[in-house]
Amino acid sequence: MKEATISNKKTEFICPMHCEGDKTYPEPGTCPVCNMNLVPVQSDEAEMDHHNNHGQHKHYQGDHKHDHEQVRQDKHVKGDKYYCPMHCEGDKTYDRPGNCPVCGMHLKKEESISSSGTVYTCPMHPEVKQNKPGTCPKCGMNLVSEEGHETSEEEKAYRKMAKKFWIALALSIPVFVIAMSDMIPFLHLERIASKKIWNWAEFALAAPVVFYSGRDFFKRGWSSIRRWAPNMWTLISIGVGTAFIFSVVGLLFPEVFPSQFKDAQGNVHLYFEAAAVILTLVLLGQVMELRAHGKTSSAIRSLLDLAPPIARIVRNGNEEEIPLEEIQVGDILRVKPGEKVPVDGIITEGTAVIDESMITGESIPADKSKNDKVTGGTVNGKTSFEMKAEKVGSDTLLSRIIEMVNEAGRSRAPIQKLADIVAKYFVQIVLAIAVLTFIIWAIWGPEPAYVYAFVNAVSVLIIACPCALGLATPMSVMVGTGRGAQSGVLVKDARALEEMNKVDILIIDKTGTITEGKPALKAFKSFGDLSDKEVLRLAASIDAYSEHPIAEAIVKGAKEKNIELVKLDNFESVTGKGVQAIYENQKTGLGNHSLMEDFNASLGDQEKELVKEWQSTGQTVVYLVIENKTEGIISVADTIKKTSAEAIKSLHKMGAKVHMLTGDNEFTAGTVARELHLDGFTADCLPDDKYNKVVELQEEGHIVAMAGDGINDAPALARANIGIAMGTGSDIAMQSAEITLVKGDLNGIARAKDLSHSVMKNIKQNLFFAFVYNTIGVPIAAGVLYPVFGLLLSPVIAAAAMSFSSVSVIYNALRLRNN
């Protein structure tokens, strides 16, 4: 056994945020990047020694507070994922916050329902902390989750950037005023001090802007050059760096410059104000971008907020609060009035009216009773109920929705390939144009030619904005998929979002897609002395003892009409025919034509015609027989969803044809097709037939979307250009589909197509603006208007235009939130 010794190795310290990777410091203090307190680095050996020398119990008590602090500090690191909003490296994710190593943009956190332990604290005694709900041992107050007080990564980045911006703005204004004093009539700065003194003042004010506020931009620029992955930071760092270095050399060594760069007193024309103001404008753009990026995640954060932090578990009749992540499958949970349902499950006791609008997009609350399914994140009404947990953690519908939105946000739409190709060569082209601009102005420009050449070359570097090109697609996809999730449309990837806009034929299944997928009472008619209502009462009373789906539909229909059932004796199920019982000493049966024949009953010609008419419209007819007389008929049918007709109208308006493929018979399929004005239908379909139909239509040149909800639909869903799964269907169907509709109706398909159209329109607007901006801006900055109009673009104006282009693309994408 290893001898326990106290290590002589000197303790090292590390930033809990890992701002500089695994870099350690020899002394305690604060991180130079994020200013958080450094924490000791403990090796495995040190841990062993510590436990052996001091005892595990003592260590736990002594470090209890520190342990919880570590939970808080590291929670956003362990298990969290971050990705670049520009998708510079595809769908690559990073395990720590920071900037993209390729483009330098701030990494976005991939939101998820955290599985890490939540820390609870007392509002009055913040030193009291524990990993589960309870009461404060000092004052008795309920402990609250610290998560509500934590600042998001995006908010931290925004505040840090905003601080740098305000410092830069405060310093840039006086620099700008000093530099422009010759153009301001009432300012006579030369009376206060000489031009050289004011030049030194400009340097003193501009230096903090460059070396503090704009430091990260130069680091990003250098990283892009070192990696040979040129981007907007390459242009900004070269442009601003050139202007600043030129000005410093001109201030310190004016004699090295030709006379055309100097004024009458021999002072070189400096560009400290250009460097400072350009960086300030870029900082303003970054601040606005970070604020806008936060808004793009608002949809997914609102979904995250649906999950309650705690749940009430019932054990041996006692109720206890536990953290959400401790719920296990099979646990019995109590949900009180107004509370959120913690996980997916079924009601075991009580009834509820539940607001599911945040999951399904439906505004009308749903009535729930025993054995009905409830979804985590939905809001209970005014009653209390108990439920059994069936899906917890990452298996819940809410977690799956969030994961799908995350995956879609990270994915790349095919249309982005065009922007990627242009952006790949864009910076090199701009650098070449800047060099060419300098050469042309230096040779053919008016005096002072080198000054004009320098200023225009810097303007070209500053005005070009590859960032707008890069952001055009991912920003729209990110906002669009989040908006879709809020309305019950879950998009698996950006390709599906783009392809859905091109769909010209939609194939739909009947059962569960167009129809409810279960039988319901359709009609009832008396043929004898009983009234219509009495026929239904007697039929429902017999079927009350049966578990057949048709029987359940008849009983449910009778109850909905407030019909009271009667008591019968000697109930018996007749296999393949129906049911029979004794009512008021008379043998009574309810079933198909074979059961009616067993009773030696028959129908008249007029009655046969009515039965045939009902059956021709897809209704299943059963006969009520008393002794040897047919007293009436009752029909059930798989009813068409109320939303189907409206959805199909909307799809037709969007230019999509709708075809129905169903395993049902020709009569039933034809009835549904005629009622909904479908463009075509095929009956008696097997799973292979659906798959083959999709292939056939694709070979004819159609872009095909297939919607279904069953295992039998999975092959066709996978083959279609776009597979659409109804959220009420099987897991296999959802796995095979690119789009899932939380609420299983056709309105969701119409919403998905409309969302796709809006997102693609938004992307094209963004790309058009980015292309046009750069196509017009770069030549103007190079001075093409000067020979005709005498117009030149100042680097400061170029910086403002560059920032505006990126921000306008982002805010255009944000308009999708209001769709």
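Which residue forms a salt bridge with R334? The partner is E386, and the closest N and O atoms of the pair are 2.4 Å apart. A salt bridge here is a side-chain nitrogen of Lys or Arg within 4 Å of a carboxyl oxygen of Asp or Glu.

This is a predicted model, in which local features need pLDDT of at least 70 and side-chain atom pairs count only at pLDDT 80 or more, while totals for chains, interfaces and linings use all residues. Residues are numbered from 1 along each chain as its sequence is written, and side-chain values use heavy atoms, with hydrogens and water left out.

## The chain as a whole

The protein chain has 28 helices and 30 strands. Both are DSSP runs numbered from the N terminus: helices are H or I with at least four residues, and strands are E with at least two. Of the 819 residues, 49% count as buried. Buried means under 20% relative accessible area, exposed means over 50%, and partly exposed lies in between, using a 1.4 Å probe and protein chains only.

The accessible surface of the protein chain is about 39,200 Å², and 55% of this surface belongs to carbon and sulfur atoms. Such areas come from the Shrake-Rupley method with a 1.4 Å probe; for residues, only the protein chains shown count as cover. Contact means heavy atoms within 4.5 Å. Among contacts between residues at least 6 apart in sequence, 65% join residues at least 24 apart.

## Salt bridges

By the rule given above, the chain has 12 salt bridges. Three of them are listed here.

| Acidic residue | Basic residue | Closest N to O distance |
|---|---|---|
| E386 | R334 | 2.4 Å |
| E390 | K373 | 3.3 Å |
| D598 | K577 | 2.8 Å |

The pair of E386 and R334 links distant parts of the chain: E386 is in strand 17 (residues 385-391), R334 is in strand 11 (residues 332-335), and they are 52 residues apart. E386 counts as buried because its relative accessible area is 11%. R334 has 23% relative accessibility, so this residue counts as partly exposed.

E386 and R334 also belong to a network of salt bridges that links R312, E319, E321, R334, K336, E339 and E386.

Strand 17 also holds E390, whose side chain meets that of K373 in strand 15 (residues 373-374), 17 residues apart. K373 is exposed, with a relative accessible area of 55%, whereas E390 is partly exposed at 35%.

The third pair joins a helix to a loop. D598 is in helix 19 (residues 593-598), and K577 is in the loop between strand 21 (569-574) and strand 22 (578-583), 21 residues apart. D598 is partly exposed at 44% relative accessibility, and K577 is partly exposed at 29%.

## Helix 6 and helix 7

How do two helices of this chain pack? Helix 6 (residues 215-226) and helix 7 (residues 232-252) pack at an angle of about 115 degrees, and their axes are 8 Å apart. The axes are lines fitted to C-alpha atoms, for helices over the stretch in contact, and angles run from 0 to 180 degrees between N-to-C directions. Helix 6 passes helix 7 in a left-handed crossing, meaning that the near helix is turned anticlockwise from the far one by less than a right angle.

On the side of helix 6, the residues in contact are F217, F218, R220, G221, S224 and I225, and they meet W233, T234, S237, V240 and G241 of helix 7. By class, this contact has 5 nonpolar, 5 polar and 1 charged residues. Ala, Val, Leu, Ile, Met, Phe, Trp, Tyr, Cys and Pro count as nonpolar, Asp, Glu, Lys and Arg as charged, and the others, Gly among them, as polar.

Helix 7 also contains L235. With 0% relative accessibility, L235 counts as buried. L235 and V458 are 223 residues apart in sequence, yet their C-alpha atoms are 8.9 Å apart in space.

## Backbone details

A cis peptide bond joins E447 and P448, with omega about -5 degrees. P448 is in the loop between helix 12 (416-444) and helix 13 (449-463).

N371, a residue other than glycine, has a positive phi near 75 degrees. N371 lies in the loop between strand 14 (366-368) and strand 15, and is exposed at 55% relative accessible area. H677 also has a positive phi, near 60 degrees. This residue is in the loop between helix 22 (666-676) and strand 27 (680-682), and H677 is exposed at 61% relative accessibility.
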